[in-house]
Amino acid sequence: MSKIAVIGAGSWGTTFSKVLADGGSDVMLWSRREEVANEINSSHQNSAYLPGVKLPTNIVASTDVEQVLNGASQVYISVPSQSLRSNLETWGKSIPQDAIVVSLMKGVEQKTGLRMSQVIAEHGISLDRVVVVSGPNLALEIAAEQPAASVAASSSTESAMAVAKASTNSYFTTFTNNDVIGTEFGGILKNLIAVAIGIVNGVGYGQNTKASIMTRGLSEISRFAAAFGAKPETMVGLAGLGDLIATSESPLSRNHKAGEMLGQGFSKKEVLEKLSQTAEALVSVSTVLELARDKKIAMPIVEQVELVIEGKMDPKDIAPHLTHMSDTPQGE
């Protein structure tokens, strides 16, 4: 049986380790914190991130990243997007030369605007070895073995198939496609719409407002992704619409929760202090808008979200702007 490495023992990294282990793989999981690794190995739990979840015995955790990576046929990376580059600079050379490298991250690098697969490729990993996994994947639900699906995207059908096979089990199904751009941008951009819906939820608006923002938001992020080369069908698949639905209304979604707190009047600083894990939308919104401006793409919903995040717009004023942007009738 081949060894699989997972880098990052937060909620998603640990959950995906469970998915892989329940699919029959032997998994080594890298944890930054010694106490987390010890708990996983001794009691098969990660109570800090997945309380009440029993982990399979074929997950072994370690704080020694070189030990985790040694001999791995597949390497899954689940670290905060803004720290990926520094992580790769530290241990990237220890990734086996023939290993498939899988991004479980949903973000863009602030300084460069690069997607995570692009950052990985810059560190000497050929694109045919890079796979992106994304979809409607709330960690606690999957860890509880509630049925779910995701998609593995790669320029290499062989690599995508290998990842899909490893990450499919009785409760989790992984499909494949070759649209890396669309799959990544779907995961990145839906976070911004989830914040918008969280904001109006926090203010107290109802389902009509939220549905209007969700559908118009999907149109907005689809235009953006297509301008960068994504396939339209990807944005109405698991990595686009599927992820948007799951993230936009769930209390398990960090981005939805961040938006809800903003809608209730908390400042960006207060929201960041209250969240135990990163809400990617709060750090990626300005970078996404810079990319949009470079392509001359109108993103009025995301622009309004940024204004609320930065304290430049009262949250209660956001919904009329998002659903009624001009006095002139517009085509849908």
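## Briefing on a predicted chain

H44 is found in the loop that lies between helix α2 (34-43) and strand β3 (59-62). The model described here is a predicted one, and its chain contains 15 helices and eight strands. The radius of gyration of the chain is 19 Å, close to the 20 Å that the globule rule gives for 332 residues, so the chain is as compact as a globular protein of that length.

**Overall form and surface**

- Taken along the principal axes, the box filled by the C-alpha atoms of the chain is roughly 65 × 40 × 35 Å.
- Of the 332 residues in the chain, 55% count as buried, and the area that the chain exposes is about 14,000 Å², of which carbon and sulfur atoms supply 50%.
- When contacts with a separation of 6 or more are considered, residues 24 or more positions apart account for 70% of them.
- The chain has 27 positive and 34 negative charges, and the mean positions of these two groups are 2 Å apart.

**The annotated domain**

- An unreviewed UniProt entry places the feature "domain: Glycerol-3-phosphate dehydrogenase NAD-dependent N-terminal" at residues 3-158.
- Over residues 3-158 the chain is 31% helix and 22% strand, while the C-alpha atoms at the two ends of this stretch are 18 Å apart.

**Two loop residues with positive phi**

- Most residues other than glycine have a negative phi.
- H44, a residue other than glycine, has a phi near 55°, which is a positive value.
- E145 is not a glycine either, and its phi is positive at about 65°.
- The place of E145 is in the loop between helix α6 (139-143) and strand β7 (148-153).
- With a relative accessible area of 41%, E145 is partly exposed, because that value falls between the 20% under which a residue is buried and the 50% over which a residue is exposed.

**K295 and its surroundings**

- K295 is found in the loop between the helices α13 (280-294) and α14 (300-309).
- The relative accessible area of K295 is 43%, so this residue counts as partly exposed.
- Leaving aside residues up to four places away in sequence, K295 touches A227 and F228.
- K295 and K165 are 130 residues apart along the chain, and their C-alpha atoms are separated by 37 Å.

Terms used
Residues numbered from 1 in each chain as written. Predicted model: local features only at pLDDT ≥ 70, side-chain atom pairs only at ≥ 80, totals over all residues. Heavy atoms only, no water. Helix = DSSP H or I, 4+ residues; strand = E, 2+ residues; numbered from the N terminus. Rg over C-alpha atoms; globule rule 2.2 N^0.38 Å. Buried < 20%, exposed > 50% of the residue type's maximum accessible area, 1.4 Å probe, protein only. Contact = heavy atoms within 4.5 Å. Areas by Shrake-Rupley, 256 points an atom, 1.4 Å probe, with all protein chains shown as cover. Lys, Arg positive; Asp, Glu negative; His and termini not counted. Charge placed at Lys NZ, Arg CZ, Asp CG, Glu CD. UniProt positions renumbered as here; feature names shortened; annotations may be inferred.
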